[in-house]
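Colleague: Please walk me through the terms used for this model. I will ask what stands behind each one.

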Amino acid sequence: MTLKIPENLENISTEIIETDLLIIGGGNAGCFSAIEAKKLNPDLKVTIMEKAHISRSGACSAGMDAINTYIPEGKTPEDLVRWCRSQVGGGPLREDLVLSCAEELNESVDDLEQWGLPILRDDDDNPRYRGKWDISIHGEALKPIMAEKAIEVGAEVYNRIVGSALLMSGDQCIGAMGFGVRNGKFYIFKAKATIVATGGACGLYKSYTSDSTDSHHQTWMCPFNVGTGYAMGIKAGAEFTSMEQRWVATRSKDFCGPIDTISVGYKSNIINAKGEKILEERYAHLGGDQAPRYIRANAPMEEWLEGRGPTYADTTHLSDEEVKDLKVDYLNERPSYVLFLAARGQDITKEPIEIYGSDPYIVGGHTGSGYWVEMDRMTTIKGLFAAGETAGGNPNKFVGGCAAEGKLATRGAMKYMDALELPETDMEQVELEKKRIFEPLFKGTDFDGVKPREMEERLQRLMDEYAGGSSQFYRTNEERLNYCLKHLKKLKNDVQYLQAGNLHDLMLAHEVIDRLDVAEIVCHHLSHRKETRWQGWQTRSDYPETNPEFDCFVESRLNTETNEIETFTRPYEQIIQGDRYKE
Amino acid sequence: MPPRVNPEKCDGCNAQEEPLCEQVCPGDLMTLNESGKAVCRENSDCWDCMSCTKICPVGAIETRMPYQLGYHGAKLIPMVGTNTITWTSIDINKKVERFRFKTRID
Ligand SMILES: Cc1cc2nc3c(=O)[nH]c(=O)nc-3n(C[C@H](O)[C@H](O)[C@H](O)COP(=O)(O)OP(=O)(O)OC[C@H]3O[C@@H](n4cnc5c(N)ncnc54)[C@H](O)[C@@H]3O)c2cc1C
Ligand code: SF4
Ligand code: SF4
């Protein structure tokens with residue numbers, strides 16, 4: 001319900017919450033973190049700060065039709081690492097992190113089943129595999145199931161509180177700050193240890209449907225995850241890894257619906273306008289239908305670029321029974337896609353499903369982008385841990401791996417907080433943050449300002465056209481990146497003009513501010529990697545080949561003294577033996 | 001793809017402290033207008049997750065396909081039961097399909 005907005009900063013009330021473990025973001029990873037903490041120590045105070053409502057928030061809001069990774073009988077966690085490595089073109093990736101998630105994976109998925117998630121099983125009662133590693137579920141209620149468990153075990157949930165910044169004491173993180181989008185209060189959470197699990201960043205780039213009325217959020221990723229978890233760390237000087245490894249998904253064209261479900265689950269070939277099986281015929285040398293994920297995502301767009309579009313997932317071989325099963329899968333993951341098919345009046349056994357590449361996202365549960373973390377999931381900031389899409393180096397986590405990492409981060413955080421005394425809070429940073437948060441509300445009606453949406457659209461066009469969005473077939477070069485960085489600075493300067501008429505708009509204002517920080521480091525990372533390693537995810541038209549010198553991680557960090565982003569590299573270490581490019 | 005609320009059916013979730021559609025929307029988009037009826041603040045910001053449509057106890061919300069993406073007249077209607085959901089899809093040629101499945105293990 002609409003609330004009367006306070007007239008000035010002095011009228012904003014402040015709420016202070018003290019806790020042992022603070023989890024920023026009660027999504028997939030965050031819920032598992034909370035549940036693990038209460039399992040290890042029922043007396044521990046565990047607090048979740050959630051921007052939306054925990055029952056339907058983040059990537060899993062609409063549901064899921066598969067758990068993308070579950071180790072089948074006869075395979076080992078090491079095998080999963082090999083698959084994971086081949087999917088990201090041989091890396092670099094943090095094999096130590098990947099392995100640790102793989103070791104926790106099956107148990108985490110089994111937890112979900114115990115809590116009530118229907119996992120489809122074959123005649124022998126084994127989970128029904130869709131492809132090699134992914135199992136089918138009826139996951140319409142996946143998010144409420146996780147949320148209810150977190151509440152049941154006694155985690156304290158603060159819904160509709162938008163995290164905005166870390167609470168620091170010197171170089172140590174001692175919690176976070178934020179604001180209530182429903183009650184307009186300022187929140188300070190003081191915690192012995194903090195886990196950031198706010199998911200990835202959507203909306204850095206323009207979605208190609210966003211020009212059509214009512215379709216601004218026609219995106220693969222949850223558009224309400226905007227990268228705030230990254231932005232908090234960037235501002236505090238944390239180190240980030242692989243932010244140039246953007247995630248691009250192949251989606252149904254015009255309406256962003258799932259394609260893996262059809263191509264993997266229902267063995268539908270990806271074809272071009274001429275009916276050529278693109279992957280089998282053009283990418284046989286890279287593995288055909290089993291090619292790394294970025295190849296599969298990029299291939300349809302290459303066809304369009306070369307004049308061989310449209311591209312399709314060929315569903316014309318499906319039986320009526322299979323179509324029905326397929327629609328049930330959709331209804332579990334993205335129900336509105338079934339409405340789209342109805343609105344096109346499309347019989348997919350006669351007309352194949354058209355596909356296209358999505359706008360790029362930063363999601364560390366899919367590629368390697370995110371915070372650089374140690375094995376205990378501590379970031380380079382003391383007391384701050386990361387899990388799920390927010391944590392880097394560890395691609396292909398998806399639902400099961402994000403859950404597993406949530407648990408691992410909790411274990412790390414609990415070890416760290418043992419015998420830790422909370423230092424005093426420096427109130428100056430708190431007052432500054434409060435002012436920063438609420439400023440856009442108090443501009444006054446006469447103020448000639450900028451709307452959050454205007455700035456968002458400017459940012460999205462800039463990134464799309466200059467930093468390799470879908471309109472540019474994901475290509476960029478040094479000059480465009482420099483242009484982009486120059487304009488990002490102008491946008492950052494214009495933040496002072498952002499104006500919000502209500503608390504919802506205030507949230508939108510902070511979403512675009514956070515996106516600016518993330519977009520900036522993405523450009524720096526893209527600029528540092530002077531080669532093309534993962535076409536589509538990262539394509540440099542000025543350096544179209546792979547360069548062995550860049551067989552390493554690209555890292556970045558804000559130098560808090562100069563206020564400039566610095567980039568550098570870290571070496572890749574192969575831990576699991578075998579051909580890096582093969583499973 | 002914006003949710004469209006039927007004001008005849010919506011009772012603003014009378015007895016509830018917070019209307020259910022407002023409570024669940026991951027994007028903070030659903031709210032009540034001056035007449036106490038639910039509205040989506042900004043159609044273009046909707047992710048089409050259908051959480052609001054599914055949770056409305058009186059079936060007042062219809063998820064609409066923007067015309068720019070799909071043609072007029074299609075419908076997809078959820079009916080939420082205990083541990084199950086039933087969906088009815090009606091396409092632009094009036095073809096009706098029904099789907100029912102478990103959402104939780106009993
Ligand atoms: C459309 C789609 C389909 C997918 N399909 C599959 C699939 O079939 N199988 C599979 O295994 N994986 C799938 N995935 C991937 C999987 O869902 C994600 O990798 C995983 O759920 C991410 O978990 P997370 O905890 O990192 O993020 P999320 O679950 O998104 O959680 C992030 C949480 O942080 C909250 N938050 C964000 N910002 C703030 C803030 N400032 N303050 C406080 N809270 C905040 C959000 O509201 C949310 O609750 C899919 C993803 C998408 C988007
Ligand atoms: S859930 Fe339904 S009845 Fe309740 S406020 Fe929303 S639209 Fe109205
Ligand atoms: S469909 Fe989802 S995003 Fe759209 S208004 Fe409803 S709950 Fe919100």
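**Terms and values**

Modeller: In chain A, helix H1 (residues 28–40) and helix H11 (residues 398–417) have axes that come within 7 Å and cross at roughly 45°. Helices here are DSSP runs of H or I with at least four residues, and strands are runs of E with at least two, numbered from the N terminus. Axes are lines fitted to C-alpha atoms, for helices over the stretch in contact, with angles from 0 to 180 degrees between N-to-C directions. This is a predicted model, where local features need pLDDT of at least 70, side-chain atom pairs count only at pLDDT 80 or more, and totals for chains, interfaces and linings use all residues. Residues are numbered from 1 along each chain as its sequence is written, chains are lettered from A and ligands numbered from 1 in the order written, and side-chain values use heavy atoms, without hydrogens and water.

Colleague: Why are H1(A) and H11(A) called oblique to each other?

Modeller: Under 35 degrees is roughly parallel, over 145 roughly antiparallel, 65 to 115 roughly perpendicular, and the rest oblique. The crossing is at roughly 45°, so H1(A) and H11(A) are oblique.

Colleague: What makes the peptide bond between A:Gly91 and A:Pro92 notable?

Modeller: That bond is cis, with omega about 5°. Most peptide bonds are trans. A:Pro92 sits in the loop between helix H2 (77–87) and helix H3 (95–114) of chain A. A cis bond also joins A:Gly309 and A:Pro310, with omega about 0°.

Colleague: What is the sign of phi at B:Cys13?

Modeller: Positive, about 55°, although B:Cys13 is not a glycine. Most residues other than glycine have a negative phi.
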